[in-house]
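Thanks for sharing this one with me. Here are my notes, in the order in which I would go through them with you on screen.

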Amino acid sequence: MIKSDFERSAVGIGVDASSKEEMSAALMQVEENLGGVDILVNGAGINAPTPFLEITMEELKAVMDSQITSTFVGCQVFGGAMLNRKKGSIINISSASAGPPLSKAFVYSMAKAGIKNLTQNLGREWAKHGVRVNALRPGFFPTEWNKINFITPDREKAILGHTPMERYGEVSELVGGVIYLASDAASFVTGSELVIDGGFSAMTI
Amino acid sequence: MVDFLEGMFGLKGQVAVVTGGGGYLCGEMCMGLAKAGCNIAVLDLRQ
């Protein structure tokens, strides 16, 4: 769809982003098809609303791997290639839950805090080598499915009551931040977290 | 002004990789990056 609409090249690759082998193979495939990678968005990740004492080791590992391990591997594999070219912008996905944490999202909040931490550390590490590493910090952008299956009326009241704009975000409202962090407009920006949350992180009550 | 904005924000011909690009949020990011001029690789479990 992207190709026909905008006459750009696009490729889709089936990959487990937490597998270094698969991500390394994907890097080679992208370089062969499109050329050197300039921008990486580490967007893979899952969540689960399980109460703390009921979280199984399998679920802990699944959420952590999908969020933290995949972001780590993305930075290592694609960031490494960017370092060789001395050019690149990496955009990780933090969250309003990265700290202070969000109820009913124990492992997810831990993982997002870790992603924020890694973003700062790599922003520092690669600052003089042409590769910028930043994070987007979205507030609440629920899918229709999430609204129906996860967000009870009480939960919605709590979320919107803590969002000064008193509404959910539209996915299109993340795009400007992504383009900004990817572009030369952000050439002096690294290790940062760009908040897009309708004011959620700016208030207590 | 178009040149000014293109110089600041333009991503023409750049290569962008998006993991989880088949999802709700990242799918929109892929479309946005494509509209800004990027060539896109969508990496996702959901092929």
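1. Let me begin with the pairing of strands across the two chains, keeping in mind that this is a predicted model. Asn42(A) sits opposite Thr19(B), a residue of E1(B). The strands involved are E2(A) and E1 of chain B, residues 15-19, which run parallel and are joined by four bridges.

2. Now the wider interface. On the chain A side 42 residues make contact with chain B, which contributes 34 residues. Elements of chain A that supply two or more residues to this side are the helices H1 (2-6), H2 (20-33), H3 (57-85) and H7 (175-182), together with the strands E1 (10-14) and E2 (39-42). By residue class, the chain A side comprises 25 nonpolar, 13 polar and four charged residues.

3. Gly36(A) deserves a look of its own. You will find Gly36(A) in the loop that links H2 and E2 of chain A. Leaving aside residues up to four places away in sequence, Gly36(A) touches Glu31(A) and Arg85(A) in its own chain and Val15(B) in the other. Lys87(A) is 51 residues away from Gly36(A) in sequence, with 9.7 Å between their C-alpha atoms.

4. Is Gly36(A) buried or exposed? Neither label fits: Gly36(A) is partly exposed because it has 15 C-beta neighbours inside 10 Å, while buried would take 20 or more.

5. Finally, Gly176(A), which belongs to helix H7 of chain A. Gly176(A) has 13 C-beta neighbours inside 10 Å, so it too is partly exposed. Its C-alpha atom lies 27 Å from that of Val15(A), a residue 161 positions away along the chain.

Definitions and conventions: Residues numbered from 1 in each chain as written. Chains lettered and ligands numbered in written order. Predicted model: local features only at pLDDT ≥ 70, side-chain atom pairs only at ≥ 80, totals over all residues. Contact = placed C-beta atoms within 7 Å. Nonpolar A, V, L, I, M, F, W, Y, C, P; charged D, E, K, R; others polar. Pairing = 2+ DSSP bridges. Buried ≥ 20, exposed ≤ 12 C-beta atoms within 10 Å, placed from the backbone.
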